[in-house]
Amino acid sequence: MRIRTLFQELTNSSHATLTEASLKKAVAEIAKSYGYDRFAYLNLDTMGAGSFAVSNYPRDWQKIYFDRSYTLVDPVVSMGKRIMRAFPWSVNEQRRRATEEERGFWDAASAFSIRAGLTVPIRVSFGQTAMLTLASAHDLKPIALRDVECLAAATSVAFLHSRFGVTDRPTTRRRPCLTDREALCLKWVAAGKSMMDIAVILGVNYHTVRWDLDNVRAKLNVKNLTQAMSRAIKLGLI
């Protein structure tokens, strides 16, 4: 019943708060009142370029998490995508069956007092997954979630996603990494140059430029170069 009440309060806050900042504050306060020190809403796209978080985790941890591409390593994310159901987790339990890479992740998380928590994944539009994690600095007692509690959890995260999922001011986001030549090619596209022009300017062949720009589109998860330029400028890549 306590878990159902927790998620009902989150659902209510999604309706009652007027601004994103006030919702973030409300989620943090609700989480704290139920024994969780931190929260993180994570929006994951299929390519990773558009992944972002709204969270009150320490800033340094958020930066490390995305800079090291921990979305690809984090066992909580992997489990969430696999089972698509609310579940509890703890560092102690996870480390027992972790790979060396995953143990490195848990060591890093523990250094920021992330020891245990509750995660709720949901499937959203265009193949994306959204997750809400409530985390504690302490080892928590295992909890068994019934179907009705998992339903309440998924419903509350769906409401939170309707607010946080469209934010233009996430706490942090994954920054796609372009090579120097990929960024340079895209800059010349933004300057109005054709692929053939860019090939001549850079002293490479046309197919090399096309290859680089295809990679740019894939990394930024966009369909055309106009969208690529827009996203790259927004992310400060060019």
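**Figure 1. What S156 touches in the predicted model.** Skip residues up to four places away in sequence, and S156 touches F7, L10, T11 and S14. S156 itself sits in helix α7. Is S156 buried or exposed? With a relative accessible area of 0%, S156 falls under the 20% cut-off and so counts as buried. Keep in mind that this is a predicted model.

**Figure 2. Around F7.** Now swap to the other side of that pair: leaving out neighbours within four places in sequence, F7 makes contact with S156, and also with L118, V120, L132, A152 and A153. F7 and L132 are both among the residues with the most contacts inside the largest nonpolar core.

**Figure 3. The largest nonpolar core.** This core counts 29 residues, and L6, F7, L132 and F164 have the most contacts inside it. Which elements supply at least two residues each? On the helix side they are α1 (2-16), α2 (20-33) and α7 (147-164). The strands are β1 (38-44), β2 (52-55), β4 (116-123) and β5 (129-136).

**Figure 4. The second core.** Separate from the core above, there's another one of 24 residues. A40, A53, W61 and V76 are included in it.

**Figure 5. Zooming out to the chain.** The protein chain has 11 helices and 6 strands, and 46% of its 238 residues count as buried. Taken along the principal axes, its C-alpha atoms fill a box of roughly 65 × 45 × 30 Å. About 12500 Å² is exposed, with carbon and sulfur atoms supplying 53% of that. As for charges, the mean positions of the 34 positive and 22 negative ones are 3 Å apart.

Conventions:
Residues numbered from 1 in each chain as written. Predicted model: local features only at pLDDT ≥ 70, side-chain atom pairs only at ≥ 80, totals over all residues. Heavy atoms only, no water. Core = buried A, V, L, I, M, F, W, Y, C linked by side-chain atoms within 4.5 Å. Buried < 20%, exposed > 50% of the residue type's maximum accessible area, 1.4 Å probe, protein only. Helix = DSSP H or I, 4+ residues; strand = E, 2+ residues; numbered from the N terminus. Contact = heavy atoms within 4.5 Å. Areas by Shrake-Rupley, 256 points an atom, 1.4 Å probe, with all protein chains shown as cover. Lys, Arg positive; Asp, Glu negative; His and termini not counted. Charge placed at Lys NZ, Arg CZ, Asp CG, Glu CD.
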